[in-house]
Amino acid sequence: MKTSAFHLATQREVPADAEIVSHQLMLRTGMIRKLTSGIYTWTPLGLKVLRKVEQVVREEMDRSGSLEMLMPSVQPAELWQESGRWDDFGPLLLKMADRAGREFAFGPTHEEVITEFARAEIRSYKQLPICFYQIQTKFRDEIRPRFGVMRAREFLMKDGYSFHMDEACLGRFYQVMFDTYTRIFERLGLEFKAVEADSGAIGGAVSHEFHVLADSGEDQIAHVPGSRYAANVERAEAVAEGEANAPQENLQLVDTPDARTIADLVKQFDVPIEKTIKTLVVEASRSSGQALVALLLRGDHELNAVKAEKHPDVASPLRMATEEEIRDAIGAGPGSLGPFRLPIPCIADRQVALMSDFAAGANSDGQHYFGLNWGRDVALPRTADLRNVVAGDPAPDGSGALELLRGIEVGHIFQLGRKYSEAMNAVVMDENGRAVHPAMGCYGIGVSRIVAAAIEQNHDDNGIIWPEPMAPFDIMILPLNGHKSHRVRELAEKFYGELRAAGREVLLEDRNLRAGVMFADAELIGLPHQLVIGDRGLDKGVVEYRRRGGESREIAIDDAVGILT
Ligand code: ATP
Ligand code: MG
Ligand code: MG
Ligand code: MG
């Protein structure tokens, strides 16, 4: 592309109403233009970046086996009434009516539409598991749209939805998505962190967010450097709210976890109990006398142990304890306990993480969290304590001192369980011909927000420093005095042709700008590689190579294309 034929509309002045640097730079480079509050046009330059992000997301989703589709943005009110969210979603939902007075919403998310699709299309267990996704415009009537596309009202999201016969399968696929997200943000060249999260209006119990780390981030993250512990402080607040609402005076630590006491406790928290667990995994710490208890769903020891080890919700690495360790931890004499298989009810679609959630709510004296207790206290991470943490506080999971970071939420994955399949009665026939509600997961990525988040993390005083995978072009060719010097112009055209032929995306500056203006624009737009061609260099047989935000050196004319391809 040549700049003379492209729409470049850079500006020097910092826009007065743009508070954070990504918003300023997106306006100054001309990537976006505001139409009205929280609603933006992506210009050709901006759209190139958006499409790059979209493509990485698409490739990794495809690699995970998910299937791309496209659902409508306009959704009938009846679906939202069926799920109960027509009212629950609140004023974020943009509602409208057609000429006949029938009500609709502009989709802020698509659980209802996908569940409607699934209940019509998916009949048999043989069709599961399956995951659909789309990359599509969403609308949320945010109370305070700000920071440009970072918190917009209209924005681009990748949303995926998976369906499973049981929670074990959902848990496995959730891990696949966790890994897929990790790969996406790694490929984009961003510094990010996965954290435990609150499920908010989407629902479900287990959820993780992916945050791009930046000082301007709206979310606060508490983590322990070098450990797996990381949580969004927002989550602690949500748990604390739940705690305030919980009927605490009725709660107690359980001395003998028989089926009834656990069932009673679980009932108070309105948690569905559906299945019987067969395996109990305990990690015991002899020194503290504490044990971490995790309930797993299915009977196969080895499978569960592997799964537990990998489960992102378990703060410390969980493994099968030896029989001796279990006896030690629970203070039982040899022979008094079977080899850690107890037939007790389990919280079917909540898995390990729920233990700490509902543990947090179960506490009345501020000392202990609910856990299974065989004659000794079982302490679980105290999520609620995050509310007032300061850097340096000990870690909730005992792994070290907390550090506080600011983050931008760019992705969010949820184990929804059966919330939507039950509310909307989506059923699938199992092997025995029985109708069951499939377990669901949902997986969001803020595609347009990623663009702004990347700039927050990658810029200097002069402008954007694009991570290579999302740069609008790879290379900018900058001819000095090109309009006067024939040989400069000629070499610029030659590089342009050869680099493009080699598959690079090249932007040739051919607007005959003054050197100062040309360099300022190039720095602002922030392409990773710049080739500066001038008469003085040509006399010596060299051109100047500049890495945006990095080195600058002279290279021989003949080497230039080779270095950049
Ligand atoms: P936030 O906490 O920032 O309001 P959210 O938790 O409401 O986000 P989700 O429902 O988890 O958002 O949606 C999935 C993803 O969509 C988010 O992780 C975020 O990256 C993106 N997203 C959500 N709201 C917006 C918005 N107003 N503008 C741009 N991107 C958004
Ligand atoms: Mg929100
Ligand atoms: Mg959020
Ligand atoms: Mg979220």
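These questions and answers walk through a predicted model.

Trainee: What should I know about numbering and cut-offs before I start?
Mentor: Residues are numbered from 1 along each chain as its sequence is written, while chains are lettered from A and ligands numbered from 1 in the order in which they are written. This is a predicted model, where local features need pLDDT of at least 70, side-chain atom pairs count only at pLDDT 80 or more, and totals for chains, interfaces and linings use all residues, and side-chain values use heavy atoms, with hydrogens and water left out.

Trainee: Which residues coordinate the magnesium ion (ligand 4)?
Mentor: Donors are N, O and S atoms within 2.8 Å of the metal (3.2 Å for Na, K and Ca); water is not among the atoms, so sites may look incomplete. Here the coordination is at 2.1 to 2.2 Å. The donors come from Glu409 (OE) and His412 (ND1).

Trainee: Which residue coordinates both the magnesium ion (ligand 4) and the magnesium ion (ligand 3)?
Mentor: The two ions are 3.2 Å apart. The residue that coordinates both is Glu409.

Trainee: Is His412 buried or exposed?
Mentor: Buried means under 20% relative accessible area, exposed over 50%, partly exposed in between (1.4 Å probe, protein chains only). His412 has 9% relative accessibility, so His412 counts as buried.

Trainee: Which side chain does His412 join in a polar contact of 3.0 Å?
Mentor: A polar contact is a pair of N or O atoms within 3.5 Å; within protein, one must be able to donate a hydrogen and the other to accept it, and residues adjacent in sequence count only if both atoms are side-chain atoms. The partner is found in strand β10. At 3% relative accessibility, Ser207 counts as buried. The side chain that joins His412 is that of Ser207.

Trainee: Which strand gives the largest share of the shell around ligand 1?
Mentor: Helices (H or I, at least four residues) and strands (E, at least two) are DSSP runs, numbered from the N terminus. Both β8 (154-164) and β17 (403-417) supply at least two residues of this shell. The largest share is four residues, and it comes from β17.

Trainee: How many residues surround ligand 1?
Mentor: A residue is near a molecule or strand if one of its heavy atoms lies within 4 Å of it. The closest are Glu142, Arg151, Ala152, Glu409 and Arg449. The number that surround ligand 1 is 15.

Trainee: What share of ligand 1 does the protein bury?
Mentor: An oxygen atom of ligand 1 is 2.7 Å from an N or O atom in the side chain of Arg151. Another oxygen contact has a polar side-chain atom of Arg140 at 3.0 Å. Accessible areas come from the Shrake-Rupley method with a 1.4 Å probe; for residues, only the protein chains shown count as cover. Taken alone, ligand 1 exposes 580 Å², and the protein buries 88% of that.

Trainee: How many residues of helix α13 are buried?
Mentor: Helix α13 covers residues 447-457 and is mostly covered. Its buried residues include Val447, Arg449 and Gln457. The count is 11 of its 11 residues.

Trainee: Are the rings of Tyr181 and Phe210 stacked or tilted?
Mentor: Rings of Phe, Tyr and Trp (its six-membered ring) pair if their centres lie within 6.5 Å; planes under 30 degrees apart count as stacked, over 60 as edge-to-face and the rest as tilted. The count comes to 11 aromatic pairs. For Tyr181 and Phe210 the centres are 5.4 Å apart and the planes are at 50°, so the pair is tilted.

Trainee: How far apart in sequence are Tyr181 and Phe210?
Mentor: Tyr181 is in helix α6 (residues 167-187) and Phe210 in strand β10 (residues 206-213). The pair links distant parts of the chain, 29 residues apart.

Trainee: Which residues form one aromatic cluster with Tyr181 and Phe210?
Mentor: Tyr181 is buried at 0% relative accessibility, and Phe210 is buried with a relative accessible area of 0%. The rings of Phe192 and Phe210 have centres 6.4 Å apart and planes at 35°, so that pair is tilted. The other members of the cluster are Phe178, Phe185 and Phe192.

Trainee: Which residues does the cis peptide bond join?
Mentor: Omega is about -5°. Pro129 lies in the loop between α5 (111-121) and β7 (130-139). The bond joins Leu128 and Pro129.
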